[in-house]
Amino acid sequence: RKRAISPAEVLARKGGEPLVSLTAYTTPMARIVDRHADIILVGDSLGMVVHGLPSTLGVTLEMMILHGQAVRRGCERALLVVDMPFGSYEEGPEQAFRNAARVMAETGCAAVKLEGGVSMAETIAFLTARGIPVQAHVGLLPQAVNVVGGYKVQGRGAAAERVLADAKAVTEAGAFSVVLEKVTEPLARRITEEIAIPTIGIGASPACDGQVLVLDDMLGLFEDFRPSFVRRYAELAGAVDAAVAGYAAEVRARAFPAAEHVFPD
Ligand code: KIV
Ligand code: NA
C-alpha cells in the first residue's frame with residue numbers, strides 16, 4: 001500500500017486546494033476513484049444505490065463492514081472513511097466507540113463518519129480522544145428523514161444559526177472535517193469561513209473546502225431519483241442498458257458466441 005492521506009493531512013488542507021471526495025462501495029470502483037480522489041467514503045447511501053432500500057435507515061453495521069472491506073482492497077492513496085449506520089452510535093459515546101472500533105478494525109479504514117451536530121458533539125469528542133478520527137455530517141441528515149419529514153434544504157432563514165451551531169460544535173469536539181449536506185449556498189460559504197476544519201459540500205457551495213458526491217449518482221447509474229445538486233459526469237445506466245440489449249439480441253440471433261469465443265478441439 002502506498003502511503004495514504006491521513007485525517008491530519010485533510011485537516012491541514014483547510015482553505016487550500018479543494019478536497020475531492022466520492023463514495024465507493026466495491027473494489028473495482030474504489031480502484032478507479034483512488035486514482036483521483038483525496039477521500040473515499042463508504043457511504044450508507046449504499047442502502048439505496050446498491051441494495052435497493054427505500055432510505056438509509058435499514059443499513060446495518062455488517063453491511064458497512066462488508067462494503068468497507070471491499071473498498072479497502074481497492075484503496076491505496078485516498079483517506080478511507082466509513083459511515084456509521086443508523087442505530088450504531090446514537091445511544092451514547094460507549095456504543096459509538098464499540099461499533100466504530102469494530103468498523104476500523106475489520107475494514108482497515110482510517111476514520112468514520114456520523115450524522116449530527118450539537119447532539120453528537122460529546123460522542124465525537126469521546127471517539128477522537130480514544131483514537132478514532134471522525135468526519136462529521138451536518139445540515140440535511142438522511143438518517144433523520146422521519147423526524148425532519150423529507151430531504152429538504154436546510155438552514156433557510158432563522159434555521160441558519162442552528163446549522164452554524166452544529167458546525168461549530170463538531171469543530172470544537174475534534175472532527176477533522178465536516179460534510180455540509182443540502183444547506184443554502186450563503187450558509188455553506190459562511191460556515192466555511194467561520195470554522196477551522198475543512199467543509200466538504202454536497203448540495204452546498206463551491207466555496208466549501210471540498211466536495212463529495214454519491215458515485216452512482218454522478219455516473220448516472222442510479223436512476224430512481226435525481227437530486228438537483230448532482231452533475232452527471234456519465235450516463236452509465238444508458239450504456240449498461242444498450243450493452244445488455246445488444247447481448248440479448250445477439251444470443252437470440254445466435255450471433256454470440258462467435259468463432260473467436262469458442263474452442264476448437
Ligand atoms: O452516504 C453517503 O453517501 C453520504 C454522502 C452523501 C456524504 O453520506
Ligand atoms: Na451517509
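What span should the 15 residues of helix H5 have at 1.5 Å a residue, and how far apart are its end C-alpha atoms? That is where I'd like to begin, everyone. A quick note before the answer: what we are looking at is a predicted model.

So, the answer. Helix H5 takes in residues 93-107, and at 1.5 Å a residue it should span 21 Å. The C-alpha atoms at its ends are 21 Å apart, which agrees with that expectation.

Now let's look around this helix. Which residues of H5 are buried? They are Ala96, Asn99, Ala100, Val103 and Thr107. These residues cover an arc of only 100° around the axis, which puts them on the same side of H5. If you wonder about the spacing in that list, an α-helix has 3.6 residues a turn, so residues three or four places apart point the same way. Turn to the other side of H5 and you find Glu94, Arg98 and Ala105, which are exposed.

What do the buried residues of H5 pack against? Two helices and two strands: helix H4 (61-72), helix H6 (121-129), strand E3 (79-83) and strand E4 (111-115). And as you leave the helix, H5 is followed by Gly108, which has a positive phi, near 75°.

Let me take those two helix partners in turn, starting with H4. The axes of H4 and H5 are 9 Å apart, and the two helices pack at an angle of about 30°. H4 and H5 are therefore roughly parallel to each other, as angles under 35 degrees count that way. The crossing in which H4 passes H5 is right-handed. On the H4 side, the residues involved are Leu61, Met64, Ile65, Gly68, Gln69 and Arg72. They meet Asn99, Val103, Glu106 and Thr107 in H5. You may recognise Asn99, Val103 and Thr107 from the list of buried residues of H5.

On to H6. The axes of H5 and H6 come within 9 Å and cross at roughly 45°. That makes H5 oblique to H6. This crossing of H5 and H6 is right-handed. Pro93, Ala96, Phe97 and Ala100 of H5 make the contact with Glu122, Thr123, Phe126 and Leu127 of H6.

H6 has its own buried residues: Ala121, Thr123, Ile124, Phe126 and Leu127. What covers them? The cover includes H5, strand E5 (134-139) and helix H8 (160-173). H6 is followed by Gly131, whose phi is positive, near 95°.

Strand E5 is our next stop, and there I'd like to show you Gly139. Is Gly139 buried or exposed? Gly139 has 27 other C-beta atoms within 10 Å, so it is buried. Setting aside neighbours within four places in sequence, Gly139 is in contact with Gln154, Gly155, Val163, Leu180, Glu181, Lys182 and Val183. Gly139 and Ala160 are 21 residues apart in sequence, yet their C-alpha atoms are 9.4 Å apart in space.

One of those contacts of Gly139, Lys182, deserves a word. Lys182 sits in the loop between strand E6 (177-181) and helix H9 (185-194). Lys182 is not a glycine, but its phi is positive, about 50°. For background, most residues other than glycine have a negative phi, and most peptide bonds are trans. With 21 other C-beta atoms within 10 Å, Lys182 is buried.

Now, for contrast, helix H11. Its 17 residues, 236-252, reach 24 Å from the first C-alpha to the last, close to the 24 Å expected at 1.5 Å a residue. How many residues of H11 are buried? The number is zero, so H11 lies largely in the open.

In the segment after H11 we meet Arg254. Arg254 also is not a glycine, and its phi is positive, about 55°. Arg254 has 8 other C-beta atoms within 10 Å and is exposed, whereas Lys182 is buried. The segment after H11 also holds Pro257. A cis peptide bond, with omega about 0°, joins Phe256 and Pro257.

One last spot: Gly52, in the loop between helix H3 (46-49) and H4. Gly52 counts as exposed, with 8 C-beta neighbours inside 10 Å. Which distances separate Gly52 from Asp224? They are 172 residues apart in sequence, and 9.4 Å apart in space, C-alpha to C-alpha.

That's my tour. Thanks for listening!

How values were computed: Residues are numbered from 1 along each chain as its sequence is written. Chains are lettered from A and ligands numbered from 1 in the order in which they are written. This is a predicted model: local features need pLDDT of at least 70, side-chain atom pairs count only at pLDDT 80 or more; totals for chains, interfaces and linings use all residues. Helices (H or I, at least four residues) and strands (E, at least two) are DSSP runs, numbered from the N terminus. The expected span of a helix is 1.5 Å times one less than its number of residues. A residue is buried if 20 or more other C-beta atoms lie within 10 Å of its own, exposed if 12 or fewer, and partly exposed in between; C-beta atoms are placed from the backbone. The arc is that of the directions from the helix axis to the C-beta atoms. Two residues are in contact if their C-beta atoms, placed from the backbone, lie within 7 Å. Axes are lines fitted to C-alpha atoms, for helices over the stretch in contact, and angles run from 0 to 180 degrees between N-to-C directions. Angles under 35 degrees count as roughly parallel, over 145 as roughly antiparallel, 65 to 115 as roughly perpendicular and the rest as oblique. A crossing is left-handed if the near helix is turned anticlockwise from the far one by less than a right angle, and right-handed if clockwise.
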